[in-house]
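Here is a short guided tour to read alongside the model. Keep the viewer open and follow along at your own pace.

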Amino acid sequence: MFDNELMSDVSFTCGESSRIFHAHKYVLATSSAVFFAMFYGSLTEKKFPICIPDAEEESFEEFLRFLYTDACKITAENAIGVMYLAKKYLVSSLAEKCCEILEASIKPDNAFAVLKQAVQFEEKELEEKCWNIVSEKTLECINSEAFCSIGSSTLNAFLKKLETSSITEMELFKAILKWTDKESARQGLNIEHDKTARRRILGDSVYEIRFLAMSQENFLKYVSPSGILTDTEIVSISQKLCGLDVVGLKWKEHRNKQPCSIVSSRRLHPANISSLVSFSRFYPGSVNYIKGDGSGGWGYTGGGSDALTLVVNKAVLFHGVRLFGSNGGRYEVKFTIKGNNVTESYTSEQDSDHVPGYDVMLPNPIRLLPNEEITIIATITGPRSYYSGSGKSSVTIDDIVLTFKDARSGLSTNGTDISHGQFYKIFLSEL
């Protein structure tokens with residue numbers, strides 16, 4: 001009797017389709033309490049065919065097949081649509097079958113689509129599996145069409161879960177921008193004429209975007225003209241990226257920057273990176289010593305900062321720097337890179353080359369991209385230190401080429417530049 005006009009007393013259409021599905025009230029009502037109320041309750045449906053605007057033909061056909069035969073053809077492609085109908089008409093046994101199929105077929109290109117249904121119907125296990133896929137394949141997931149169809153609450157949840165990720169902050173920002181534009185179009189907003197539309201669409205989710213993990217160059221080039229931030233916010237974030245203290249900034253500093261992961265997924269394990277490599281930016285024997293009378297050396301009495309710009313030829317992990325010190329000297333240091341700050345006290349000790357210094361290491365390494373200009377800044381308080389006046393323009397170890405440049409004007413106020421000053425060594429490792 002499945003989809004048979006014989007003795008049929010009810011019919012359906014789906015969405016804009018003209019196809020008519022023939023059915024029998026008794027069969028549907030014995031399988032679904034919702035259909036029972038529709039056909040035998042106080043508000044019985046009398047107009048046929050009944051249009052189900054939110055169903056697709058293929059999904060509805062398999063849904064009906066199950067009601068008649070207790071079996072249907074559920075695939076990865078139609079499972080979401082069938083589960084929606086099973087939940088809508090309270091057919092729990094079919095919903096369970098759909099969940100099993102979906103759990104086994106979640107992929108980056110449908111993870112957010114399945115997540116939407118899992119959240120809507122409170123399928124916690126399915127939701128968790130979706131988040132796991134998003135964690136493991138973040139870039140593929142956010143580049144899918146399904147990502148552009150998620151709701152604002154799901155976007156906010158995603159950004160909150162995403163402490164850091166294997167993707168870059170710019171890849172994430174571009175995906176968010178694409179989502180914002182698609183959502184604006186769905187709401188009938190013209191982002192060309194309404195310059196504040198993107199910000200209104202994002203709402204408070206804008207405060208979850210990791211602007212402080214971007215390079216200042218990328219921030220000014222891509223974020224500043226997007227209309228997502230006000231002029232005041234752009235100035236404040238730019239100042240923060242330069243290492244300045246900004247009062248009242250709503251964006252958090254994220255110290256676990258890259259590689260990143262969704263909360264609860266696996267962290268970067270030491271086995272996933274190669275051994276640490278030390279890049280000295282000065283020629284051997286070029287260190288300038290402090291004289292016996294305490295004169296000479298590199299001073300820190302003016303309260304300025306030492307800054308230097310780095311460029312690598314391939315993606316690497318940045319772990320920290322070794323700074324020059326004095327014999328047994330105590331130093332207070334605030335070190336900044338890509339919005340990550342380390343503020344600690346250090347005691348200078350001699351290394352194997354008998355040069356006094358101390359290592360300033362990040363709690364978690366951050367990722368440097370090929371040809372990305374990154375500025376490191378150290379604001380130091382303490383006694384005069386050793387320094388060097390014979391800097392290299394680049395250093396090559398194996399296939400990693402680290403190039404040094406003068407920091408942008410106004411950042412290295414204590415005098416460090418490509419040829420002399422601070423930043424004795426840079427610690428990197430290959431991904």
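Two strands count as paired if DSSP finds at least two bridges between them. With that in hand, we can look at this predicted model, beginning with its small N-terminal sheet.

**The 2-1-3 sheet**

Three strands make up an open sheet with mixed pairing, ordered 2-1-3. Strand 2 (21-23) and strand 3 (50-52) are the edge strands; each has a single partner, so one side of each lacks a neighbour in the sheet. On average, neighbouring strands here are turned by 30° against each other, direction ignored. Strand 1 (residues 10-14) and strand 2 run antiparallel and are joined by 3 bridges. Within that pairing, F12 has F21 of strand 2 as its bridge partner.

Helix 3 (residues 57-69) lies across strand 1, strand 2 and strand 3, and it runs at about 20° to strand 2. On the way to strand 3, the loop that follows helix 2 (33-40) holds P49, and the peptide bond joining F48 and P49 is cis, with omega about 0°.

**Domains and cores**

The domain assignment divides the protein chain into domain 1 (10-105), domain 2 (151-242) and domain 3 (276-430). The C-alpha centres of domain 1 and domain 2 are 40 Å apart. Even so, the largest nonpolar core takes at least three residues from each of domain 1 and domain 2. That core has 77 residues, and F12, L28, F158, F211 and L229 touch the most other members. F12 is thus a residue to pick out twice, as a core member and as the bridge partner of F21. Another core, of 34 residues, lies apart from the largest one and includes V312, V333, Y346 and L428.

**A hairpin and its lysine**

Further along the chain, strand 16 (residues 394-397) and strand 17 (residues 400-406) run antiparallel, joined by 4 bridges. S394 has T403 in strand 17 as its bridge partner. The two strands form a hairpin with 2 residues between them, and D398 sits in the turn.

Strand 17 also contains K405. Is K405 buried, exposed or partly exposed? Its relative accessibility is 35%, so K405 counts as partly exposed. Its side chain makes a polar contact with the side chain of E373 at 2.7 Å. Leaving aside neighbours within four places in sequence, K405 is in contact with L308, T309, V311, E373 and I418. G421 lies 16 residues from K405 along the chain, and their C-alpha atoms are separated by 13 Å.

**A buried serine**

G421 turns up again around S388, a residue of strand 15 (residues 387-388). S388 has a relative accessible area of 0% and is therefore buried. Not counting residues up to four places away in sequence, S388 touches F282, S286, V287, N288, F324, S419, H420 and G421. The S388 side chain also reaches the backbone nitrogen of S390 at 3.3 Å.

**Two aspartates with positive phi**

D70 and D398 each have a positive phi without being glycine. The table sets them side by side.

| Residue | Loop | Phi | Relative accessibility |
|---|---|---|---|
| D70 | between helix 3 and helix 4 (79-88) | about 65° | 55%, exposed |
| D398 | between strand 16 and strand 17 | about 55° | 68%, exposed |

Why do both count as exposed? The cut-off for exposed is over 50% relative accessible area; D70 is at 55% and D398 is at 68%.

Terms used:
Residues are numbered from 1 along each chain as its sequence is written. This is a predicted model: local features need pLDDT of at least 70, side-chain atom pairs count only at pLDDT 80 or more; totals for chains, interfaces and linings use all residues. Side-chain values use heavy atoms; hydrogens and water are left out. A nonpolar core is a set of buried Ala, Val, Leu, Ile, Met, Phe, Trp, Tyr and Cys residues joined through side-chain atoms within 4.5 Å. Buried means under 20% relative accessible area, exposed over 50%, partly exposed in between (1.4 Å probe, protein chains only). Domain bounds come from an automatic or database domain assignment. Contact means heavy atoms within 4.5 Å. A polar contact is a pair of N or O atoms within 3.5 Å; within protein, one must be able to donate a hydrogen and the other to accept it, and residues adjacent in sequence count only if both atoms are side-chain atoms. Axes are lines fitted to C-alpha atoms, for helices over the stretch in contact, and angles run from 0 to 180 degrees between N-to-C directions.
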